[in-house]
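User: Hi! Could you walk me through a few local features of this protein? I'd enjoy some reasoning along with each reply.

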Amino acid sequence: MADLQYGIACSHVPLIGVGADQNREDDPYFAPIFAGFDWTRQWIMKPENRPDAVILVFNDHASAFSQEIIPTFAIGCADEFQPADEGWGPRPVPVVKNHPELAWHVAENLIMDDFDMTIVNDMPVDHGLTVPLTVMFNKPDSWPCRVVPLMVNVVTYPVPSGERCWKLGESIRRAVDGFNEDLNVQIWGTGGMSHQLQGPRAGLINAEWDRKFLDDMTEDTDRLRKIPHIEYLRETGSEGIEMVMWLVMRGALDPQVKELHRHYHVPASNTALGHIVLENVQ
Ligand code: DHB
Ligand code: FE
């Protein structure tokens, strides 16, 4: 049977992708950003940890979707997904290969569990998905695992609540546990942490709030799942709402988890960079 033991969260700041694509990891600006991923890059390629498939929870930034169609939750079921052109041409990263049988199984189970998923086959994937792959896996010729893209709308209000995202994670876990193939599956939640990219509060970062959020991934998840949108907006800036995607990841793990690794760095571009690796406690 499929097994889900680990959850990872990380920011998806596009500038980090630029730093990697231009081989600037050792620049003074980028060095401390990439250094915090060294631990995970080594850990994740050990045979016992390397995922066969990742359910990668991310948000599209008007690359695949536009104001014409805005799914709240979408799951990619096609064989593969191309890197999106975000204005400077697509990033020079490998095509993203899905595990279509797992994707369809998860889609079916979520829908039968009353989550009205949108099924997408044509979805160019932007920095929300490709930057997390880069920070975890660096620059391979092909990504070392299959990726099931699971898209959450956090761009156009109304966006789903943290509680709804948590429950989606619980449902994903039930689906994975029922998948009849020996598969090491990880779930990743991406985006955040505090950041605001426009308006009078552009550049807002709230390190104290972010650190408490990281602490409570292990210590007080009841608090995290109840955080209302207005608190994300007020305390973490307009784009801090991306952190509800971390709750999809956390909801898919066991009630008790252990923190294996954490990285927090301010700033990366306009964003507080956060990263955490969590393991189920048996
Ligand atoms: C930045 C962060 C994001 O999450 C994003 O989607 C775009 C830009 C930034 O900090 O530059
Ligand atoms: Fe973003």
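Happy to help; here are some questions and answers on this predicted model.

User: How many disulfides are there in the structure, and how far is Cys-10 from the nearest cysteine sulfur?

Analyst: A disulfide needs two cysteine sulfur atoms within 2.5 Å. A search of the whole structure turns up 0 disulfides. Cys-10 is in none, as the nearest cysteine sulfur belongs to Cys-145, and the distance to that sulfur is 13 Å.

User: Why does Cys-165 form no bond with the closest cysteine sulfur, and is Cys-165 buried or exposed?

Analyst: The closest cysteine sulfur to that of Cys-165 is in Cys-10, and at 17 Å it is too far for a bond. As for accessibility, the cut-off for buried is under 20% relative accessible area. Cys-165 has 0%, so this residue is buried.

User: How do the axes of H1 and H5 lie to each other: parallel, perpendicular or oblique?

Analyst: Helix H1 spans residues 14-21 and helix H5 residues 127-137, and their axes come within 9 Å. They cross at roughly 50°, and the crossing is left-handed. That angle falls outside the ranges for roughly parallel, antiparallel and perpendicular, so H1 and H5 are oblique.

User: Which residues of H5 meet H1, and how do the contact residues divide by type?

Analyst: From H1, the contact draws on Pro-14, Ile-16, Gly-17 and Ala-20. Facing them in H5 are His-127, Val-131, Thr-134 and Val-135. The contact residues divide into 5 nonpolar, 3 polar and no charged.

User: Where is Gln-5, and is this residue buried or exposed?

Analyst: Gln-5 belongs to strand S1, residues 2-10. Beyond its neighbours within four places in sequence, Gln-5 has contacts that include Val-185, Leu-253 and Leu-278. Its relative accessibility is 19%, and the cut-off for buried is under 20%, so Gln-5 counts as buried.

User: What is the omega of the peptide bond from Tyr-157 to Pro-158, and what is that of the bond joining Val-266 and Pro-267?

Analyst: Most peptide bonds are trans. Pro-158, in the loop between strand S7 and helix H6, follows Tyr-157 through a cis bond with omega near 5°. Pro-267 is in strand S9, and the bond joining Val-266 to Pro-267 is also cis, with omega about -15°.

User: What is phi at Asp-114, and is this residue buried or exposed?

Analyst: Most residues other than glycine have a negative phi. Asp-114, in the loop between helix H4 and strand S6, has a positive phi near 75°. With a relative accessible area of 59%, Asp-114 is exposed.

Definitions and conventions:
Residues numbered from 1 in each chain as written. Chains lettered and ligands numbered in written order. Predicted model: local features only at pLDDT ≥ 70, side-chain atom pairs only at ≥ 80, totals over all residues. Heavy atoms only, no water. Buried < 20%, exposed > 50% of the residue type's maximum accessible area, 1.4 Å probe, protein only. Axes fitted to C-alpha atoms, helices over the stretch in contact; angles between N-to-C directions. Helix = DSSP H or I, 4+ residues; strand = E, 2+ residues; numbered from the N terminus. Parallel < 35°, antiparallel > 145°, perpendicular 65-115°, else oblique. Left-handed = near helix turned anticlockwise from the far one by under 90°. Contact = heavy atoms within 4.5 Å. Nonpolar A, V, L, I, M, F, W, Y, C, P; charged D, E, K, R; others polar.
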